[in-house]
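Hi everyone, and thanks for making time for this. I'd like to walk you through a structure that is new to most of you, so let me put it on the screen and we can go through it together.

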Amino acid sequence: EITADVALHPGHTWARMEKDGTVAVGLDDLGHRMIGAVDGIELPATGSTVEQGAAAVQLEAGGRRVGLLSPVDGEVVAANPASARDGSAPYGDGWLFKVRPTRWARNAAPLLTGEAAREWVEEQGRKLTMRLAPEMALAPAMHDGGAPVHGMARELDAEHWDEIAREFFRTQE
């Protein structure tokens with residue numbers, strides 16, 4: 001469940017203002033379900049800068065790679081590589097990195113929160129189901145209202161995974 005303090009980016013990352021003024025960034029629940037168990041992760045280095053909508057993280061699962069976009073601009077102040085491997089609390093302790101934001105108000109404006117965020121994630125799940133239905137037998141297994149099979153990255157051939165990763169994570173790789 002998406003918590004009220006989380007703002008979603010259309011690349012399936014989220015941002016949350018912390019009490020100390022930093023912004024935690026993580027991968028949303030749908031993204032976690034699509035990727036499944038993470039074998040490798042490359043996070044931005046502490047002290048580096050990230051930009052909203054630009055590649056910031058590389059994940060690897062089952063030989064498939066996916067880039068994740070940063071939902072905010074800022075200087076990276078912490079990284080949490082263990083979180084992507086776990087995925088059990090995507091909106092809690094499951095943050096990937098934290099930044100000292102440089103333009104939080106501007107960055108937060110286009111992000112989705114509350115009911116809009118929940119509706120968007122549901123729509124993305126439906127879109128993914130429709131996208132997969134003609135290509136593979138995983139779609140019928142999505143019996144819980146459109147949630148993809150956990151770890152579908154390992155189930156799809158590389159060409160189809162790359163297409164879906166580009167479309168749903170909004171990367172150009």
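Let's begin with the strands near the start of the numbering. Strand S1, residues 7–8, pairs with strand S2 in the antiparallel sense, over two bridges. Within that pairing, Leu8 stands opposite Trp14 in S2. Please remember Trp14, since I'll return to that residue. S1 and S2 make a hairpin with four residues between the strands, and His12 there takes a positive phi near 70°.

Before going on, I should say that this is a predicted model. The chain has a mean pLDDT of 85, with 86% of its residues at 70 or more. Where is confidence lowest, and where is it highest, in the chain? The lowest is helix H5, residues 152–155, at a mean of 72, while the highest is strand S5, residues 49–50, at 98. Please also take care with residues 137–146, where the pLDDT is below 50. Beyond near neighbours in sequence, that stretch has 14 contacts in the model.

Back to S2, which covers residues 13–17. Four of its five residues are buried, leaving the strand mostly covered. On from S2 comes its pairing with strand S3, residues 23–27, again antiparallel, this time over five bridges. One of the partnerships to look for is Met17 with Val23 in S3. S2 and S3 form a hairpin too, with five residues between them, and Gly21 in the turn has a positive phi of about 90°.

As a bit of background, side chains in a regular strand alternate between the two faces of the sheet.

Now for the aromatic rings. How many aromatic pairs does the structure hold? There are two. Here is Trp14 again: its ring and that of Tyr91 have centres 6.2 Å apart and planes at 50°, so we call this pair tilted. The two partners come from distant parts of the chain, 77 residues apart: Trp14 is in strand S2, and Tyr91 is in the loop between helix H2 (81–86) and strand S9 (95–101). Are these two residues buried or exposed? Trp14 is buried, with a relative accessible area of 0%, and Tyr91 is buried as well, at 8%.

The other pair is Trp161 with Phe169, also tilted, at 6.4 Å centre to centre and 55° between the planes. Both of those residues are buried.

Some rings here have a charge over them. The charged end of Lys98 sits over the ring of Trp95, 4.5 Å from its centre. Elsewhere, Lys127 lies over the face of Phe168, at 5.6 Å from the ring centre. Both lysines will come up again in a moment.

That brings us to salt bridges. Side chains of opposite charge can pair when their charged atoms come close. This structure holds ten salt bridges, and I've picked a few to show you.

Let's start with Glu18 and Arg16, whose closest N and O atoms are 2.6 Å apart. Glu18 is buried, with a relative accessible area of 18%, and Arg16 is buried at 9%. These two residues are part of a wider arrangement: Arg16, Glu18 and Lys98 are linked in a network of salt bridges. So that is Lys98 once more, the residue whose charged end sits over Trp95.

Next, Glu42 and Arg65 meet in a salt bridge at 3.2 Å, N to O. This pair links distant parts of the chain, with Glu42 in strand S4 (residues 40–42) and Arg65 in strand S7 (residues 64–69), 23 residues apart. Glu42 is partly exposed, with a relative accessible area of 44%, and Arg65 is partly exposed at 37%.

My last example is Glu167 with Lys127, a salt bridge at 3.8 Å, N to O. Which helices hold the two partners? Glu167 lies in helix H6 (residues 158–169) and Lys127 in helix H4 (residues 114–132), so the pair ties together parts that are 40 residues apart in sequence. Glu167 is partly exposed, at 31% relative accessible area, and Lys127 is partly exposed at 35%. Here Lys127 returns, having already appeared over the face of Phe168.

If you want one residue to look at first, I'd suggest Trp14, which stands opposite Leu8 and pairs its ring with that of Tyr91. Thanks for listening!

Note on methods:
Residues are numbered from 1 along each chain as its sequence is written. This is a predicted model: local features need pLDDT of at least 70, side-chain atom pairs count only at pLDDT 80 or more; totals for chains, interfaces and linings use all residues. Side-chain values use heavy atoms; hydrogens and water are left out. Buried means under 20% relative accessible area, exposed over 50%, partly exposed in between (1.4 Å probe, protein chains only). Two strands pair if DSSP finds at least two bridges between them. pLDDT is the predictor's confidence in each residue, from 0 to 100. Contact means heavy atoms within 4.5 Å. Rings of Phe, Tyr and Trp (its six-membered ring) pair if their centres lie within 6.5 Å; planes under 30 degrees apart count as stacked, over 60 as edge-to-face and the rest as tilted. A charge sits over a ring if NZ of Lys or CZ of Arg is within 6 Å of the ring centre and within 35 degrees of the ring normal. A salt bridge is a side-chain nitrogen of Lys or Arg within 4 Å of a carboxyl oxygen of Asp or Glu.
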